[in-house]
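This briefing covers charged pairs and a nonpolar surface patch, grouped by topic for reading alongside the coordinates. Please keep in mind throughout that the model is predicted.

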Amino acid sequence: GVLRPRLFWDGGNGRSAFLTAGVTYEDRDGGTMPGGVLAATGQPYIEALETRRYDVGGTVQTLLEDRFVVTARAAASWQHHDHQFGDVLERDHHNTLFSEVAARGAGRRHTWVAGLAYERDDYDPIDVRRFRYTYDVPGVFAQDDIDLASWLVVSAGGRVDFHNEYGTFFSPRLAALFRA
């Protein structure tokens, strides 16, 4: 079963909000057919998966000084599995979080955006602990599109992520758009 209500609000003048939440309950059963057995063991084999998932997400947008658009968005999910492989039970929890705040604006020949982001990924295999991890990744980004001529726009930007396990990553971007 899946349930996913959504709410949307439009306040006019560029102000809006959106919120959604979800719940998923799913049970899957498989393995050998009733009365069937595995040739290798002569025994029936059960394979099953029980999933419980909860999530929430939303975004808000507003104007600052009637010149800049400021947005904030976030999403989170919590998931629990019970995996049955024959006589072996493996349970896990998987949690994710994403959030971002950004501002964008335009003036003369520039259209720009800049912001902050944060991601978290947490995996907890209850029965196989050696595979557990938690990743925290804050980041910062910016981009500027510059109209150099009626036929040419140059875009320059970059993002820096600070991964708690794998270090710092810089992703630069430079592009040009030629109009016919």
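Asp 161 and Arg 159 meet through their side chains in a salt bridge, with a distance of 3.0 Å from N to O. Asp 161 is buried, because its relative accessible area is 15%, whereas Arg 159 counts as partly exposed at 22% relative accessibility. This pair belongs to a wider set, since a search of the whole structure of this predicted model finds 12 salt bridges.

**A salt bridge between distant parts of the sequence**

- The side chains of Asp 55 and Arg 4 form a salt bridge in which N and O are 2.9 Å apart.
- Asp 55 belongs to strand β4, while Arg 4 sits in the loop between β1 (2-3) and β2 (6-12), so this pair ties together parts of the protein that are 51 residues apart in sequence.
- With a relative accessibility of 10%, Asp 55 falls under the 20% limit and therefore counts as buried.
- Its partner Arg 4 has a relative accessibility of 34% and so counts as partly exposed.

**A salt bridge between Glu 26 and Arg 28**

- Glu 26 and Arg 28 are joined by a salt bridge between their side chains, at 2.8 Å from N to O.
- Glu 26 counts as partly exposed because its relative accessibility is 30%.
- Arg 28, at 51% relative accessibility, lies over the 50% limit and therefore counts as exposed.

**A network of charged side chains**

- Side chains of opposite charge can pair when their charged atoms come close.
- In this model, Asp 122, Asp 124, Arg 129 and Arg 132 are linked with one another in a network of salt bridges.

**The nonpolar surface patch**

- A nonpolar patch on the surface is formed by Leu 7, Leu 19, Tyr 25, Tyr 54, Val 56 and Trp 78, which together have about 580 Å² of accessible area.
- Two strands, β3 (15-31) and β4 (46-64), each supply at least two residues of this nonpolar patch.
- Tyr 54, one of the patch residues, lies in strand β4, the strand that also holds Asp 55 of the salt bridge with Arg 4.
- Tyr 54 has a relative accessibility of 33% and therefore counts as partly exposed, whereas Asp 55 counts as buried at 10%.

Methods. Residues numbered from 1 in each chain as written. Predicted model: local features only at pLDDT ≥ 70, side-chain atom pairs only at ≥ 80, totals over all residues. Heavy atoms only, no water. Patch = residues over 30% accessible without salt bridge, like charges linked within 9 Å, V, L, I, M, F, W, Y side chains within 5 Å. Areas by Shrake-Rupley, 256 points an atom, 1.4 Å probe, with all protein chains shown as cover. Salt bridge = Lys/Arg side-chain N within 4 Å of Asp/Glu carboxyl O. Helix = DSSP H or I, 4+ residues; strand = E, 2+ residues; numbered from the N terminus. Buried < 20%, exposed > 50% of the residue type's maximum accessible area, 1.4 Å probe, protein only.
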